[in-house]
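Me: I'm new to this structure, so keep it relaxed. Please pick a single part, give me a close look at it, and then show me what else is worth finding in the rest of the chain.

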Amino acid sequence: MEPPENYSTSAFAVPFEDAKKIILRWDSTASDEARERMIFDGDREEVDLYLQAVDEIQKSMSSTSISPPSSSHHHDQDNNSNKVNSAMQIAMARLEDEFRNILISNTSPVEVDSLLISDHALAPASSLNRNTSSVRSGNEFDQEEVGGGGDHVDALDPIQRADSSNSSASYRSTSSIREIHLIPQEAVADLQSIAKRMISAGYLRECIQVYGSVRKSAVDASFRRLRIEKLSIGDIQRLEWEALETKIRRWIRAAKVCVRILFASEKKLCEDIFYGIGTAIDDACFMETVKGPAIQLFNFAEAISISRRSPEKMFKILDLHDALMDLLPDIEVVFESKSADSIRVQAAEILSRLAEAARGILSEFENAVLREPSRVPVPGGTIHPLTRYVMNYISLISDYKQTLIELIVSKPSTGSRYSGDPTTPDMEFAELEGKTPLALHLIWIIVILQFNLEGKSKHYKDASLAHLFIMNNVHYIVQKIKGSPELREMIGDDYLRKLTGKFRQAATSYQRATWVSVLYCLRDEGLHVRGSFSSGVSKSALRERFKTFNAMFEEVHRTQATWLIPDSQLREELRISVSEKLIPAYRSFLGRFRSHIESGKHPENYIKYSVEDLESAVLDFFEGYPVSQHLRRRSQ
């Protein structure tokens, strides 16, 4: 299109007519050529010419509105006013289309992977500051995204490629607010020039609506790339927890990108385009763009915070809490305006509910441990599944020590030695002075675990096996505490010594229950005959004593070979302790009375085993599987 002939700016009458011609020439309702072409896609002179024409129309509107009425010019003034208004409406419709086109044509997907790579190269090592749980969550996300599907990394979208290539880079890029240019600066200048004219002409609402619809579509596209789904709170709460765990990992990472990059950059774009045009217009456009997506984002965390509580949810809830706590200062910055109050309040309320959920889950976990109802004894007196579960659980709790120390502020509700309640163990806090409420909760969990295990031990018919069961389980508790520096620090060495004493006492009780009666066979009492001129030893009593010992030892060997001590060091220590009592006693007994048996008939029926046989047999104990019914006989 050529500019109108005789265009001039020397006087009002001529420029207005020329300006009107320019406006009408670009009326898309009247010309196919105007519909097919966009002014801002063409020559800059054409752009400047059109904007000058709009300015002239606006001046004409102002002049018309402030001119004093007079009877002679009343009709001409109305006629001019109608022309000006008509031209302005056509111009604003055209500028609205141009505004939309510039936004759309200059909007491209946010390449998160390029941000991660560049940020990884530039970020100082000090920018990495993650706790154990966050590192664990990040690694889980990487493995799930990359390994789970079986596709090559290059086939993944940019966000997934960034995950698989370097999780540290991912954290660096989202550890603080990082604004990026969503639209080229040249396009921003054009948008600003259009926005000024639309808003000054009274088309603020149309400008905001066009801006919000285009930019919200861009944010929605970024959400899809981050795999943030549009799920209602009800939809989320109906999902299986295993599926939710995956979504929580993804959400934590996505939320950092959304708040610190996407939302922050959208806010900056609004400020760049609408700066100085009018009060709070930039904020209105920003909220028009991101309020819906922000609510969608935080609804997920809200649904988790109000979902049914159960122990397995604790650690993902703490991950969510930590992530949101870390994000909250940036949420306050990005959503600082009064119109964004609802977003800030929602985030703070979710954080509070997540904290309350964690406290509630810990209390429910304690009650579940106390009331765990299984009555079937575990075979061989080995470690009970409950013990493994509870100790692994509190070891994980200790990984979240810094968070939970702040959240857990009250002592556990415990029994007292004066309560008289047989269904609840005793725990006196006076012995644990100076410990944090969290440490007291962990000790209380161990107390109620032991209380439950004591109850389960009573279901063993063999007292020796009951003692072995307690020994195994308390030893496991001790080893788990020693294996976690954080847990050991909270539990304390005093209580650890108390637990160590308990499993050693159980080992002693086992030995008494098993071996006192066996060793009783090796005593001298009852074997000597008084007043006899013989050797003074009753051979019949001695034969009976050997037969009894053999039978008892064979039964112990047969039975306790199937019992299990999983810890190899503990197993060896108990065998040595047994041998230290059994072997010297048998060697001494055999040395004193062997000749009396061997001088009679069929000595092999009574002295069935050598000392070496017994030493070998003890090595079969606590392996957890049956052995031959007959011990290896001594060499003849």
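Reply:
**Two helices and a pocket**

Of the 636 residues in the protein chain, 49% count as buried (under 20% relative accessible area, with over 50% being exposed and partly exposed in between, using a 1.4 Å probe on protein chains only). What you're looking at is a predicted model, where local features need pLDDT of at least 70 and side-chain atom pairs pLDDT 80 or more, while totals for chains, interfaces and linings use all residues. Residues are numbered from 1 along each chain as its sequence is written, and side-chain values use heavy atoms, with hydrogens and water left out.

The chain has 24 helices and zero strands (DSSP runs numbered from the N terminus: H or I of at least four residues for helices, E of at least two for strands). Among its contacts (heavy atoms within 4.5 Å) with a separation of 6 or more, 80% link residues 24 or more positions apart.

Now for the part I'd zoom in on: helix H18, residues 437-457, and helix H21, residues 493-520. Their axes (lines fitted to C-alpha atoms over the stretch in contact, with angles from 0 to 180 degrees between N-to-C directions) come within 12 Å and cross at roughly 10°. That's why H18 and H21 are roughly parallel to each other (under 35 degrees; over 145 is roughly antiparallel, 65 to 115 roughly perpendicular, the rest oblique). Sorted by class, their contact has five nonpolar, one polar and two charged residues (Ala, Val, Leu, Ile, Met, Phe, Trp, Tyr, Cys and Pro are nonpolar, Asp, Glu, Lys and Arg charged, the others, Gly among them, polar). On the H18 side you'll find Ile443, Ile446, Val447, Gln450 and Glu454. They meet Tyr495, Leu499 and Lys502 of H21.

This pair also helps to line a pocket (on a 1 Å grid over the protein atoms alone, an open set of points with protein on both sides within 12 Å along at least five of seven lines; lining residues have an atom within 4 Å of a point). H18 and H21 each supply at least two residues of the lining of the second largest pocket, and the largest share, five residues, comes from H21. The volume of this pocket is about 350 Å³ (the space filled by probe spheres set on grid points joined across faces, edges and corners). In total, 17 residues line it, with Glu431, Leu432, Val447, Tyr495 and Lys498 lying nearest its centre. Two of these names should ring a bell: Val447 and Tyr495 also take part in the contact of H18 with H21. The pocket lining as a whole holds seven nonpolar, two polar and eight charged residues.

Next, have a look at Lys401, in helix H17, residues 401-407. With a relative accessible area of 14%, Lys401 is buried. Leaving out residues up to four places away in sequence, Lys401 touches Leu438, Glu489 and Met490. Leu438 falls within the 437-457 range of H18.

Elsewhere in the chain, helix H9, residues 185-200, packs against H12 at an angle of about 60°, their axes being 8 Å apart. That makes H9 oblique to H12. Their contact divides into seven nonpolar, two polar and one charged residue. From H9 come Gln185, Val188, Leu191, Gln192, Ala195 and Ile199, which meet Leu269, Asp272, Ile273 and Phe274 in H12.

H12 turns up again at the largest cavity (points where a 1.4 Å probe fits but cannot get out). A search of the whole structure finds three cavities of 30 Å³ or more, and the largest has a volume of about 140 Å³. H12 (241-274) and helix H13 (281-305) each give at least two residues to its lining, with H12 giving the most, three. The lining consists of Arg227, Ile228, Glu229, Leu231, Ile236, Lys247, Arg250, Trp251, Gln296 and Phe300. That is five nonpolar, one polar and four charged residues.

Last stop, further along the sequence: Phe546 sits in helix H22, residues 539-560, and counts as buried at 1% relative accessibility. Setting aside neighbours within four places, Phe546 is in contact with Phe589, Leu590, Phe593, Ile597, Tyr606 and Ile607. Phe546 and Ile597 are 51 residues apart in sequence, yet 9.5 Å apart in space, C-alpha to C-alpha.

Most residues other than glycine have a negative phi. His602, in the loop between helix H23 (568-598) and helix H24 (611-618), has a positive phi of about 50°. Phe622, in the segment after H24, has a positive phi of about 65° and counts as buried at 0% relative accessibility.
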